[in-house]
Amino acid sequence: MADTYRIVRFTHGKGQRVIRRGLTLEEAQRHCQDPETSSTTCTKAANKARTRRLGMWFDGYTKE
C-alpha cells in the first residue's frame with residue numbers, strides 16, 4: 001500500500017489542525033505549492049479574511 005499524506009494548517013499561536021487526508025505525495029506537494037495556502041502569499045478574499053481572523057497561517061503536509 002502506498003504512503004498517504006495529510007494537509008495540516010498551522011496557525012501562529014493557535015496550533016494546528018488537519019484539513020485534508022489520504023493524499024498522494026504529489027497531491028500534498030501541489031497543494032502546498034499553491035500561493036493561496038499561506039497568509040503571506042494569498043490573494044483571494046476568503047483567505048485574506050482567514051488571515052484577519054486567525055493571524056499568520058500556512059499549510060504543510062505530513063505522512064499519515
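In what follows, a residue is called buried when its relative accessible area is under 20%. By that criterion, buried residues make up 28% of the 64 residues in the chain. I should say at once that the structure before you is a predicted model.

Let me begin with the chain as a whole. Its secondary structure consists of 2 helices and 3 strands, and from the N terminus on the elements follow one another as β-β-α-α-β. The C-alpha trace spans about 40 × 20 × 15 Å along its principal axes. The accessible surface amounts to about 4500 Å², and carbon and sulfur atoms contribute 52% of that area. As for charge, the chain carries 13 positive and 7 negative side chains, with 10 Å between the centres of the two sets.

I turn now to the sheet. In which order do the 3 strands lie in the open sheet? The order is β2-β1-β3, and the pairing is antiparallel. Strands β2 and β3 are therefore the edge strands, since each of them pairs on one side only. Averaged over neighbouring strands and with direction ignored, the turn of one strand against the next is 25°. Helix α1, residues 25-33, packs on this sheet and touches β1, β2 and β3. The direction of α1 makes about 170° with that of β3.

Strand β1 deserves a closer look. It covers residues 5-11 and is mostly covered, with 5 of its 7 residues buried. On one side, 6 bridges join β1 to β2, residues 15-23, and the two strands run antiparallel. Within this pair, Tyr-5 stands opposite Leu-23 of β2. The connection between β1 and β2 is a hairpin with 3 residues between the strands. In that turn, Gly-13 has a positive phi of about 80°.

How many bridges does β1 share with β3, residues 57-63? There are 7, again in the antiparallel sense. Here Arg-9 of the chain is found opposite Asp-59 in β3. In general, the strands of a sheet pair through backbone hydrogen bonds, in either a parallel or an antiparallel manner.

Finally, a word on contacts along the sequence. Of the contacts in the chain with a separation of 6 or more, 47% are between residues 24 or more positions apart. To close on the arrangement itself: the open sheet has the order β2-β1-β3, and helix α1 packs on that sheet.

Note on methods:
Residues are numbered from 1 along each chain as its sequence is written. This is a predicted model: local features need pLDDT of at least 70, side-chain atom pairs count only at pLDDT 80 or more; totals for chains, interfaces and linings use all residues. Side-chain values use heavy atoms; hydrogens and water are left out. Buried means under 20% relative accessible area, exposed over 50%, partly exposed in between (1.4 Å probe, protein chains only). Helices (H or I, at least four residues) and strands (E, at least two) are DSSP runs, numbered from the N terminus. Contact means heavy atoms within 4.5 Å. Accessible areas come from the Shrake-Rupley method with a 1.4 Å probe; for residues, only the protein chains shown count as cover. Lys and Arg count as positive and Asp and Glu as negative; His and the chain ends are not counted. The place of a charge is taken as NZ of Lys, CZ of Arg, CG of Asp or CD of Glu. Axes are lines fitted to C-alpha atoms, for helices over the stretch in contact, and angles run from 0 to 180 degrees between N-to-C directions.
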